[in-house]
Amino acid sequence: MDLNNIISQLNTANEEESEKLLQQYNRENSLTFKFEQREETLRIKLCQSVLTILGRQVPPSCQKTCLETLRILSRDKHVLSPVATREGMLILGRMAKLQTVEDGGDNQKNSQEDTQSEEEERVVVEALKCLCNVVFNSPAAQQVSVDVELAQGLSKSLRTASTWNHEVGLFTLRLLFLLSALRPDLRGVLRKEWDAVKLLTEVLEHTLDVSWVGRYEVAPPDPQALCMPAEDNERAMEALKALFNLTLSYTRGEEDDHQFRLIVAILRHLLMQKTETEEKTEEAHSHAVNLLNNLPVSCLDVLIDLPIQGGQEKYGGKNMDAVQVLLDFMEKRIDKQGSNYKEGLTPVLSLLTEGSRHHREIRRFIKAQVLPPLKDVKIRPEIGSAVRNKLVRLMTHVDMGVKQMAAEFLFVLCKESVDNLLKYTGYGNAAGLLVARGLLAGGRGETQYSEDEDSDTEEYKTAKPFINPITGHVEEPMPNPIEEMSEEQKEYEAQILVNMFDKLSRQNVIRPMGVRPDGTLAPLEETLCDPHAEDSGSDSD
């Protein structure tokens, strides 16, 4: 249908005629996501006409149709100028039953507690969908949202979460996520003035049907229970995303510790649950991992400290079920072909690294799974299908962040001991980490660890003298290429090699480096002239 005709007819049509016109437009464009540029001005006029209708007292069926039209139009960020105004955002806020700066104090309470018809609920859902699109696509609308205190209305709506139907809850949480993501300045206000972290935690409790059996312990899911319903999972994901934004770069006070521990307990409960599909379960675990990374590492003891359920004696009575889920999740992410390791893998590696660094029982459990005592040292550490082999392969990954995170994880499992790390990875794979840490000369990192001893197997002790420290495995004997050369030939070949290195060095293709006594790299001439190197005890030729 021609847009010119629609707009001209809307100017003179009554409510019923307007609704029919817009319904026809909606049917024709429900699946349209790319719009013709030549009709941009007409779509802006249509936006304005629809807002004019919504500004009048029209029945819910007409409101719903108008909002469906606006939702379709809001897919095009170039036509949002009429909506991204104070008047436009206030209209949408009222349609969505969100209290804004110009509404009365009791408006939110009354609007949420009044019984709504199904059609009125559809109006609220459509308004929330429109707000999500408009806020996402329009920086001007984001600023107006701040001016009319839309986020405050969303926070007040969180208090009525137990009365939401699925879509109202889903798009309320999604809008809160978008605002907190696109306007970082709102995060502090949401946390401090509107108590959004606590409210979102309560939303998660209700959505995940949490039942507390201890201060920070949730009753385990019933093994016979069905998987988490897809709708509950969807709302939980949106709440987790909003919580992630609100806890990002957050300097906590002592009063926040209790709240964070509650969140960790709820996330543990989520990790132990399954959804209707493996893909959705992995998505839920991914969001849980992201949020756990934002929380203080001291709170991670809640993952393993379950006085009611109990744990394993060899790990001090701690329950390692959630840590095992995280390890399984990490391995799935490593095995995922064609995935973005930086986004998909580094968060869980970071979480397990910090958990291992600060919690002895977590480190001991993970090391037993990832770095069990060595037996077969005839195969290079990076070859094989064990978790250790996969992680060692990542130590030479092309992405610097992935490479550093994998190396740091293994280093922490080895209690930041260079000798222990080299035993499991070989010097070649670990060189990048050792250079970055200034540990080429050996030694330990800065973190203090317990003195529990690492026991080597008899197989390893027997093979140790024959292990190539660079590759980390026992190599097959290789023929010596200079064995049959005379001394003159050896000197001649050595001189050729020296000349080649000299030429490459002068052309700045390579730069010979040496190791200072403190384990850091420096140009070779500096290390040779370093007066501190004189006590190295080596004889010069």
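How much space lies in the second largest cavity? The answer is about 50 Å³. This value comes from a predicted model, and the cavity is best viewed against the chain as a whole.

The protein chain holds 26 helices and six strands. Its C-alpha atoms fill a box of roughly 105 × 60 × 40 Å along the principal axes. The radius of gyration is 31 Å, whereas a compact globule of 541 residues would have a value near 24 Å. Of the 541 residues, 48% count as buried. The chain exposes about 28300 Å². Carbon and sulfur atoms supply 49% of that area. Contacts were also sorted by separation along the sequence. Among contacts with a separation of 6 or more, 72% join residues 24 or more positions apart.

A search of the whole structure for cavities of 30 Å³ or more finds three. The largest cavity holds about 70 Å³ of space. Its lining is made of 13 residues. Val 218, Ala 265, Arg 268, His 269 and Gln 309 are the lining residues that lie nearest the centre of this cavity. Two elements, β2 (217-218) and α14 (254-271), each give two or more residues to the lining. The helix α14 gives the most, with three residues. By class, the lining of the largest cavity has nine nonpolar residues, two polar residues and two charged residues.

The second largest cavity, with about 50 Å³ of space, has its own set of lining residues. These are Leu 300, Leu 303, Val 323, Leu 326, Leu 351, Leu 352, Gly 355 and Ile 362. The elements that give two or more residues here are α16 (321-335) and α18 (346-358). The largest share comes from α18, which supplies three residues. Seven of the lining residues are nonpolar and one is polar. No charged residue takes part in the lining of the second largest cavity.

The two linings can be set side by side. Charged residues number two around the largest cavity, but there are none around the second largest. Nonpolar residues number nine in the lining of the largest cavity and seven in that of the second largest. In the largest cavity, the leading contributor is α14. In the second largest cavity, that place belongs to α18.

Technical notes: Residues are numbered from 1 along each chain as its sequence is written. This is a predicted model: local features need pLDDT of at least 70, side-chain atom pairs count only at pLDDT 80 or more; totals for chains, interfaces and linings use all residues. Side-chain values use heavy atoms; hydrogens and water are left out. On a 1 Å grid over the protein atoms alone, a cavity is a set of points where a 1.4 Å probe fits but cannot get out, and a pocket is an open set with protein on both sides within 12 Å along at least five of seven lines; lining residues have an atom within 4 Å of a point. Grid points are joined across faces, edges and corners, and a volume is the space filled by probe spheres set on the points. Helices (H or I, at least four residues) and strands (E, at least two) are DSSP runs, numbered from the N terminus. Ala, Val, Leu, Ile, Met, Phe, Trp, Tyr, Cys and Pro count as nonpolar, Asp, Glu, Lys and Arg as charged, and the others, Gly among them, as polar. The radius of gyration is taken over C-alpha atoms; the globule rule is 2.2 Å times the number of residues to the power 0.38. Buried means under 20% relative accessible area, exposed over 50%, partly exposed in between (1.4 Å probe, protein chains only). Contact means heavy atoms within 4.5 Å. Accessible areas come from the Shrake-Rupley method with a 1.4 Å probe; for residues, only the protein chains shown count as cover.
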